[in-house]
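Here are my notes on the model, as numbered points. Please read them with the coordinates open.

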Amino acid sequence: MAWVFLSLAMPNTLIQLNQVSKSYPNNPNGGVRGINLRIQQGEFVAILGESGSGKSTLLKLIYGLLSPTEGKVLFQGQEILGPEEKLIPGHKHMKMIAQNFDLNTYAKVYDNIASMLSNTDLEGKKLNTLAIMQALRIDHLAERRAVELSGGEQQRVAIARALITKPQVLLLDEPFSQVDVLMRKQLRADLKRLSKELGTTMILVSHDPLDGLSLADTLLVLKQGELLQKGTPTELIDKPANAYVAKLLGAANILPAEIANSYFGFQLAATEQLVVYPYECKLVETGIKASITQIHYQLAHNELELNVEGHVLHAQVPLGAYAIGDYVQLQFSNFRIVSN
Ligand code: ADP
Ligand code: MG
């Protein structure tokens, strides 16, 4: 009995990276370094970072399109074979959606998707194709040729083609780059729903933190090939490992110790910094005096650029009649302290 209990209590690790580095021969500073990571079955993971931080490299290492220079990548405890060791690159239980979608552009949407299944069960093939087209809201496009679709529609066909084969893991590299804002919101919601409905482990790469924050169970933040932090969206926003993470995810204001201490009444050590998100900057009756230097109009709030003794702060405040040059009083409703 004790053994059963233990095995149930153990998290179900699907993918594991042990001290993984990948450097490119002609670019020793590129790639990724020293990555340790576990991904659970059914988890939705978003890999975030600036362009060139190593996101695509990490995704390709997980899929087996690249071999690590050092360390190991394991799938269900078995080392993933790199491209040199396999005839068809890529792990058989995973599907990766390429940036160009790899569609058969002159075939109909229905055939693009159905052709992923064998002909051993024609009735099942038809039902499954219809079901996945409905789940991705492309059933009305069944008779159109892929070449006649918008970028966002092609993206959905590519996802349907991947999911119909029931992969354990779906890998998506910048899936929203060709999708406009409205469609992006819908596609995010559909991906999240499908990952839970199908139990598919999803690993998504994006340079837009909103993709990760709105979708993922777990965020990974990369910088210059290194994994800075891993956690839930709430953990990373509440307790960023450093100022970089807070800036990348929440466009945080970062105040060096001397500014925080001199003008905001804090007592930080010289190695510490104050992190305040724009929505934590409140305008009050009596607080720190600041002047408005810029106003960015948003739909539901205003984004103000404030100057406090030469230091620029961004504040998200209720809509109001603000003018450049006005003086306001500022207070932080919340903040956190990080070390350099
Ligand atoms: P991201 O996807 O975050 O933009 P990449 O993983 O594509 O980042 O790249 C990470 C770093 O590795 C970058 O500095 C990039 O220039 C370098 N790099 C990526 N692919 C290659 C390659 N095939 N050869 C040499 N350098 C590469
Ligand atoms: Mg990339």
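1. A definition before the packing points: two residues are in contact if their C-beta atoms, placed from the backbone, lie within 7 Å. With that in hand, helix 10 (residues 257–264) lies across strand 11 and strand 12. Helix 10 runs at about 85° to strand 11.

2. Confidence comes next. This is a predicted model. The mean pLDDT of the protein is 92, and 97% of its residues reach 70 or more. Among the elements, helix 1 (residues 2–9) has the lowest mean pLDDT, at 51. Strand 10 (residues 226–231) has the highest, at 98. Where pLDDT is low, the predicted coordinates should not be read in detail.

3. Now the ligand site. Ligand 1 has 13 residues around it. Those that come nearest are Tyr24, Gly30, Lys55, Ser56 and Thr57. Strand 2 (27–40) supplies at least two residues of the shell, and so does helix 2 (55–63). By class, the shell holds eleven polar residues, one nonpolar and one charged.

4. Consider the three-stranded sheet that helix 10 lies across in part. The sheet is open, its order is 11-12-17, and the pairing is antiparallel. Strand 11 (253–256) and strand 17 (336–339) stand at the edges. Each has a single partner strand, so one side of each is left without a neighbour in the sheet. Neighbouring strands here are turned by 35° against each other on average, direction ignored.

5. Within that sheet, four bridges link strand 11 to strand 12 (residues 272–276) in the antiparallel sense. Pro256 stands opposite Gln273 of strand 12. Helix 9 (residues 243–250) lies across strand 11, strand 12 and strand 17. Helix 9 runs at about 15° to strand 12.

6. A four-stranded open sheet has the order 15-14-13-16, again with antiparallel pairing. Which strands form its edges? They are strand 15 (311–318) and strand 16 (327–332), and each pairs on one side only. The average turn between neighbouring strands in this sheet is 55°, direction ignored.

7. Inside the four-stranded sheet, strand 13 (residues 281–297) and strand 14 (residues 301–308) run antiparallel and are joined by six bridges. As a register check, Ile295 stands opposite Leu304 in strand 14.

8. Why is strand 9 (residues 218–223) described as largely enclosed by the rest of the structure? Five of its six residues are buried. The cut-off for buried is 20 or more other C-beta atoms within 10 Å of the residue's own.

9. Strand 9 has two pairings to check. Strand 3 (residues 44–48) runs parallel to strand 9, with four bridges between them. Ala46 stands opposite Leu219 there. Strand 10 pairs with strand 9 in the antiparallel sense over five bridges. Leu220 stands opposite Lys230 in that pairing.

10. Strand 9 and strand 10 also form a hairpin, with two residues between them. Gln224 in the turn has a positive phi of about 45°.

11. Last, one loop residue. Arg137 lies between helix 4 (122–135) and helix 5 (151–163). Is Arg137 buried or partly exposed? Arg137 is partly exposed, because 14 other C-beta atoms lie within 10 Å. The C-alpha atoms of Arg137 and Cys281 are separated by 41 Å. Along the chain, Arg137 and Cys281 are 144 residues apart.

Methods. Residues are numbered from 1 along each chain as its sequence is written. Chains are lettered from A and ligands numbered from 1 in the order in which they are written. This is a predicted model: local features need pLDDT of at least 70, side-chain atom pairs count only at pLDDT 80 or more; totals for chains, interfaces and linings use all residues. A residue is near a molecule or strand if its C-beta atom, placed from the backbone, lies within 6 Å of it. Ala, Val, Leu, Ile, Met, Phe, Trp, Tyr, Cys and Pro count as nonpolar, Asp, Glu, Lys and Arg as charged, and the others, Gly among them, as polar. pLDDT is the predictor's confidence in each residue, from 0 to 100. Two strands pair if DSSP finds at least two bridges between them. Axes are lines fitted to C-alpha atoms, for helices over the stretch in contact, and angles run from 0 to 180 degrees between N-to-C directions. A residue is buried if 20 or more other C-beta atoms lie within 10 Å of its own, exposed if 12 or fewer, and partly exposed in between; C-beta atoms are placed from the backbone.
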